[in-house]
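Trainee: I'd like a close look at the charged side chains here, please. Start with one pair and work outwards.

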Amino acid sequence: MIRIVIADDQALFREGLRTLLSTRPDMEVVGEASNGDEAVALVERRQPAVVLMDLRMPKTDGIQATARIRERWPEIPVLVLTTFDDDANLFGALRAGAAGYLLKDVSSETLVSAIQAATRGESFLQSTVTGRVVAAFARLMESGGPKAEALVLPLSPREREILTLLGSGASNKEIADRINLAEGTVKNHVTSILGKLDVTDRTQAALRARELGLA
């Protein structure tokens, strides 16, 4: 059963999503939040498999909430579901660690596919925004930007920090001591980083960090 938390400030939209997902025998909505603070608190209490996150919400917005969730629980993917398709929100969400970006006009079949992909550790971009990500990446590559690839890697700020230390040769314990985290939490972050970079070990991740100019 895929346990889902929905974060959106529109009650009617949350109700519609809950109704839609409840028709799936493999999915269960275990909580609803109307702002980013509530979303973080719900994730802590309910430990869902996936979070569906709106961006424009009161108090803490979706990008900030995504970054906080990904920092504390790197194993829980966040899928952005929003009406905003501008570059600032798109790339801001990806940099915060979102595993996917979908617009609210997406079909129910695509939404279900994105949720299922997220539980497999895969990223999912709606086709209407994929072209913009690729185009932005190409522009940076053409301009010789040393961190061009970082634009599309969905690493959270904490994961980037850990990747930088990993690239310098630090062990999990050394990283934990350096940034004041539990060693087990660092291990979880490293596992998430390896998956996102599509590498199999720390050495390959360190090499990728150097390629990206992060180490």
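Mentor: Arg70 and Glu159 are both buried (under 20% relative accessible area with a 1.4 Å probe, protein chains only; over 50% is exposed, and partly exposed is in between). Their side chains meet in a salt bridge, 3.5 Å from N to O (a Lys or Arg side-chain nitrogen within 4 Å of an Asp or Glu carboxyl oxygen). That contact joins distant parts of the chain, with Arg70 in helix α3 and Glu159 in helix α7 (residues 157-167), 89 residues apart. Helices here are DSSP runs of H or I, at least four residues, numbered from the N terminus.

Keep in mind that this is a predicted model, where local features need pLDDT of at least 70 and side-chain atom pairs pLDDT 80 or more, while totals for chains, interfaces and linings use all residues. Numbering runs from 1 along each chain as its sequence is written, and side-chain values use heavy atoms, without hydrogens or water.

Arg70 has another role in the picture: along with Pro74, Gly121, Ser192 and Lys196, Arg70 is one of the residues nearest the centre of the largest pocket, whose lining has 19 residues (a pocket is an open set of points on a 1 Å grid where a 1.4 Å probe fits, with protein on both sides within 12 Å along at least five of seven lines; lining residues have an atom within 4 Å of a point). Two elements give two or more residues to that lining, namely α5 (108-119) and α9 (183-197). With five residues, α9 is the top contributor.

Now stay on helix α3, but move along to Arg72. The Arg72 side chain meets that of Glu44 in a salt bridge at 3.1 Å, N to O. Arg72 belongs to α3 (residues 62-72) and Glu44 to helix α2 (residues 36-46), so this pair ties together parts 28 residues apart in sequence. Here both partners have some exposure: Arg72 is partly exposed at 43% relative accessible area, and Glu44 is partly exposed too, at 45%.

For a pair inside one helix, try Asp177 and Lys173, whose side chains form a salt bridge at 3.1 Å, N to O. They sit four residues apart in helix α8 (residues 172-179), so about one helical turn separates them. Asp177 is exposed, with a relative accessible area of 55%, whereas Lys173 comes out as partly exposed at 47%.

These pairs belong to a total of 12 salt bridges in the structure. Some of the charged residues are linked in a network, made up of Asp8, Asp54 and Lys104. Lys104 also has a ring beneath it: this residue lies over the face of Phe13, 4.3 Å from the ring centre (that is, NZ of Lys or CZ of Arg within 6 Å of the ring centre and within 35 degrees of the ring normal). Arg56 does the equivalent with Phe84, lying over the ring face at 4.1 Å from its centre.

One more acidic residue is worth a glance. Asp87 is found in helix α4 (residues 87-96), where this residue is partly exposed with a relative accessible area of 34%. Look for Val129 as well: Asp87 and Val129 are 42 residues apart in sequence, yet their C-alpha atoms are 9.1 Å apart in space.
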